[in-house]
Amino acid sequence: MDYDLYQTEILEVAQSAANYRKWLARLTYPYLGDNPLEFGSGIGDYAKEWLQLGCRQLTVSEHSPTRITVLHDQFLNSPNVTVRQIDIEKITHSGSGYSSIVSLNVIEHLENDGAALRGALDALTPGGYFVAFTPAFPLLMSKFDKAVGHHRRYTKRTARALLEDNGFDIVKIKYVNSVGWFAWLLGMRILKITPRESLMLKIWDKIVIPAVSKFESWITPPFGQSILIVGQKSIKG
């Protein structure tokens, strides 16, 4: 299977889930700082949300040659956005480093997630944040997960170990999208459905996601379809 092409197709399908995308952008925006890097930017959807939220400078990146071309096209007329082709496991930086390195649904694709975090730690300025949003719970590992190249799904325990073992202080580890846990278990794990743009996806995004995001702004659920992971590089460097 051509993982690069298939992943790009899934990203294009996900474009219709606007409320879900805005929710994730709001959850991660507070940690960006003044010089953030997004690695694994896909086709640039989250970057656009952060810019709308007030981000003044942003570096987007991809390892995929196909998607790096898309990013160049998307941000051709955006002087405050830098596009880089990056292998996160071999990342280098210039100047004083990044204020944050943000990864939305990316580190589960990496065979060596620890190497990625060590690269991120080196590229961050002291006090900078590593922020990841990634699938949760091995129980939910589905045929679709494997088809798009997921190596794992995380729990709070494995997320904590990932941060601590690679030099980060823990800021937040939080399950997200509790209702989505049940939907994924039924739809992806049991019925083996493949995500596609459909009326059901649009209804879910328009009605369910706003309700769930509001509920979870009040109460932190004990489980979720995904997990938000935030680590910080020591102020001492």
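A salt bridge is taken here as a side-chain nitrogen of Lys or Arg within 4 Å of a carboxyl oxygen of Asp or Glu. The model is predicted, with local features requiring pLDDT of at least 70 and side-chain atom pairs counting only at pLDDT 80 or more, while totals for chains, interfaces and linings use all residues. Residues are numbered from 1 along each chain as its sequence is written, and side-chain values rest on heavy atoms, with hydrogens and water left out.

We can begin with the overall fold. The protein chain contains nine helices and seven strands; these are DSSP runs numbered from the N terminus, with helices (H or I) of at least four residues and strands (E) of at least two. Of its 237 residues, 52% are buried, where buried means under 20% relative accessible area, exposed means over 50%, and partly exposed lies in between (1.4 Å probe, protein chains only). The accessible surface of the protein chain is about 11,700 Å², and carbon and sulfur atoms supply 56% of that area. These areas come from the Shrake-Rupley method with a 1.4 Å probe; for residues, only the protein chains shown count as cover. Contacts (heavy atoms within 4.5 Å) reach across the sequence: among those in the protein chain with a separation of 6 or more, 76% are between residues 24 or more positions apart.

Helix 5 offers a good view of the interior. This helix, residues 113-123, is largely enclosed by the rest of the structure, because nine of its 11 residues are buried. Those buried residues include Asp113, Leu117 and Leu121, along with several alanines and glycines, among them Ala115, Ala120 and Gly119. Their packing partners are strand 4 (98-104), strand 5 and helix 7 (156-165).

Turning to charged side chains, six salt bridges are counted. In one of them, Glu49 meets Arg21 at 3.3 Å, N to O. Glu49 belongs to helix 3 (residues 45-53) and Arg21 to helix 2 (residues 18-28), so this pair ties together parts that are 28 residues apart in sequence. Glu49 and Arg21 are both buried, with Glu49 at 8% relative accessibility. Lys22 also forms a salt bridge with Glu49, and the closest N and O atoms are 3.3 Å apart. This second pair again links distant parts of the chain, with Lys22 in helix 2 and Glu49 in helix 3, 27 residues apart. Lys22 is partly exposed, its relative accessible area being 32%. A further salt bridge joins Asp145 to Arg153, with 2.7 Å between the closest N and O atoms. Asp145 is buried at 0% relative accessibility, and Arg153 is buried at 6%. Through shared partners, salt bridges join Arg21, Lys22 and Glu49 into one network.

Lys174, in strand 6 (residues 169-176), makes an interesting counterpoint. This lysine is buried but has no salt bridge, and the nearest side chain of opposite charge, that of Glu216, is 5.9 Å away. For this purpose Lys and Arg count as positive and Asp and Glu as negative, while His and the chain ends are not counted. Beyond its neighbours within four places in sequence, Lys174 has contacts that include Leu27, Lys156, Glu216 and Ile227.

Aromatic side chains add another layer to the picture, with 11 aromatic pairs in the structure. Rings of Phe, Tyr and Trp (its six-membered ring) pair if their centres lie within 6.5 Å, and planes under 30 degrees apart count as stacked, over 60 as edge-to-face and the rest as tilted. Phe137 and Trp181 are an edge-to-face pair, because their ring centres are 6.4 Å apart and their planes stand at 90 degrees. Phe137 sits in the loop between strand 5 (124-135) and helix 6 (143-147) and Trp181 in helix 8, so the pair ties together parts that are 44 residues apart in sequence. Both Phe137 and Trp181 are buried. The rings of Phe182 and Phe223, with centres 5.5 Å apart and planes at 90 degrees, are edge-to-face as well. Here Phe182 lies in helix 8 and Phe223 in the loop between helix 9 (199-218) and strand 7 (226-232), 41 residues apart. Phe223 is partly exposed, at 25% relative accessible area. Phe137, Tyr175, Trp181, Phe182 and Phe223 form one aromatic cluster.

Helix 8 (residues 178-190) also holds Leu186, which is partly exposed at 48% relative accessibility. Leu186, Ile190, Leu191 and Ile193 form a nonpolar surface patch, together offering about 380 Å² of accessible area. Patches are made of residues with over 30% relative accessible area and no salt bridge, joining like charges within 9 Å and nonpolar side chains (Val, Leu, Ile, Met, Phe, Trp, Tyr) within 5 Å.
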